[in-house]
Amino acid sequence: MKLKYTISLLAGLMVASQLALAEPEVPVNLPEFKEGRYVHSAPTVEDLMNDDSIHPELKKVILKGRDMFMNTQQLRGKYVFNDMNCKSCHMGEGRMNWSAPVWPAATTLPDFRGKNQHVNSLEERIAGCFSFSMNGKPPEYGSDDMLAMVAYHKWLAKDAPMYEKNIAGRGFSHLGREKPELDFERGKSVYMENCAVCHGNNGQGQRKDGQVVFPPLWGDGSYNWGAGMTRIFTAASFIKNNMPLGKPGSLTDEEAWQVANFINSQERPQDPRYTGDVKETREKFLNFHKHTNYGTVVNGKLLGDHDNTGDKPFLKPDALRPRTFE
Amino acid sequence: MTTLSHLILAGAVTALATVANANEGDPERGAQLAAQGDGSGAPCLACHGADGSGNNAAGFPRLAGLDATYLARQMLAYNNGERVSPVMQPNIDNFDAQQIQDLAAYYAAMPVPATTTSTSVSEEVLALGEKLANQGDWDNYIPPCSSCHGPGNRGVGETFPAIAGQHPNYIRSQLNAWKSNQRNNDPNQLMTAVAERLSEEQINAVAAYLGSQSATAE
């Protein structure tokens, strides 16, 4: 036993000498910003509280929107029918680069959006998140709740140039068009090694005292088949630059692609745009679903071939509707 | 260093395998062991108290009510060198895997004592601690403690222990242990990543705040 103790002490000393180099053991490895891009510094809550130019009533509304964003589960059964919060994917309060910061929605919309093939407002963009990622029903357009969400987004965009599209840190930083050959078993082993400790062996997430701590990555509690995160490249990019929590950039690109494919080869609630036929739905929205495994056969099973909408007692919220301006 | 790490790792793997083979912990046997010690050192209760509440001044953690699997893993980590403590190691190095399971079961089943520690720190320090615990410091890539340690930082499952109501001196020493590589038993280096980004001021603040919080849900 004495020997072991000596070894431990020795290990401690050796490590201490390494520390002198001051290299972090777990560096924050995030992509560099391309030159010439607009770099935004989104305000903090402290900035809000200290800003006397903002009317107290507006502060209240912004904080309400922030509270909805951070604890979206308080709206469970009203607007949200799965276990997600906005901050589950838009980490760091929606302010953080490469974590799909939400303020660009306030400065780049209204704009044409490929996903629904029409010009979208900020409200409509937020409604999209509620309809797909939260497997829910958005707050009514023009409602107090929607206004609070909009106020939070616009305040985060404070001082950012309107309609500037050349934005640093937007989205999750696309991993590129070239992806490795995707292999379910390879993705599973990456998952078990890096993700299961928090999200569970079956992607079920973890709860404590009735609250979601680690969100489910598939199944009824997760995002539905219409969510942007079902696209393999979106999930791979998110994972690469945000996961495991606190260790951005620690997985290789290949690992991120494989684990994204593994997660998105599991079942989840139906796409709200479902026509009643999964293959038809895939074809109809192929510009989106060409990036997902929806309506394809994985491990002998046709994914998305079901009527399951999770805890949500309907398929499609009324807010999802086309616009023509005619 | 590489060989040494491999040795330590091999030890950890062996120890984990041993624990899988051990029978489920028996809290009654654990109670006896806690009073007797491992034969070559101080008995557990000498430092952790008869009620498992630990001691802030000396930096001895509360054990009562912590998750059994978590507790067993920590004892194994001392014995295989993943956790380095000249105080703790000599006192448990003769316990075998079954005895460690028994001790873990004993402490896990204990009612959580009121260990809330009021330290004489300012309101500003507590406010900084509260912010780190529940909102984090994302500009320095420090997620909030609660994102893994759960609601009220009262712990989640067998991996993320309750840190609310844990003694500030112990929390401080552990965060520093991660920074200085004296503690290496966190899965995927999830805690190392955060600990090494924390400043001394932040460590003091978050330790004081967590210590002031209740370990049990109201």
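Q: Helices here (H or I, at least four residues) and strands (E, at least two) are DSSP runs, numbered from the N terminus; between which two helices does Pro244(A) lie?
A: This is a predicted model, in which local features need pLDDT of at least 70, side-chain atom pairs count only at pLDDT 80 or more, and totals for chains, interfaces and linings use all residues. Residues are numbered from 1 along each chain as its sequence is written, while chains are lettered from A and ligands numbered from 1 in the order in which they are written. A cis peptide bond joins Met243(A) to Pro244(A), with omega about -15°. As for the loop holding Pro244(A), the flanking helices in chain A are α10 (232-242) and α11 (253-263).

Q: Which residue precedes Pro110(A) across a cis peptide bond?
A: Pro110(A) sits in the loop between α5 (103-108) and β1 (111-113) of chain A. The bond is cis with omega near 5°, and the residue before Pro110(A) is Leu109(A).

Q: Is Gln117(A) buried or exposed?
A: Gln117(A) lies in the loop between β1 and β2 (118-120) of chain A, and its phi is positive, near 60°, though it isn't a glycine. A residue is buried if 20 or more other C-beta atoms (placed from the backbone) lie within 10 Å of its own, exposed if 12 or fewer, and partly exposed in between. Gln117(A) has 12 C-beta neighbours inside 10 Å, so it counts as exposed.

Q: Why does Asp159(A) count as exposed?
A: Asp159(A) is another non-glycine residue with a positive phi, near 75°. You'll find Asp159(A) in the loop between α7 (144-156) and α8 (184-194) of chain A. Asp159(A) counts as exposed because its C-beta neighbours inside 10 Å number 8.

Q: How many residues of domain 2 of chain A are in contact with domain 1 of chain A?
A: Domain bounds come from an automatic or database domain assignment, and chain A is divided into domain 1 (45-156) and domain 2 (184-302). Two residues are in contact if their C-beta atoms, placed from the backbone, lie within 7 Å. Domain 1 of chain A puts in 15 residues, and domain 2 of chain A puts in 18.

Q: How many contacts beyond four places in sequence does the model have for residues 1-7 of chain A?
A: pLDDT is the predictor's confidence in each residue, from 0 to 100. Chain A averages 94, and 94% of the residues score at least 70. Over residues 1-7 of chain A, though, pLDDT stays under 50, and the contacts beyond four places in sequence come to four.
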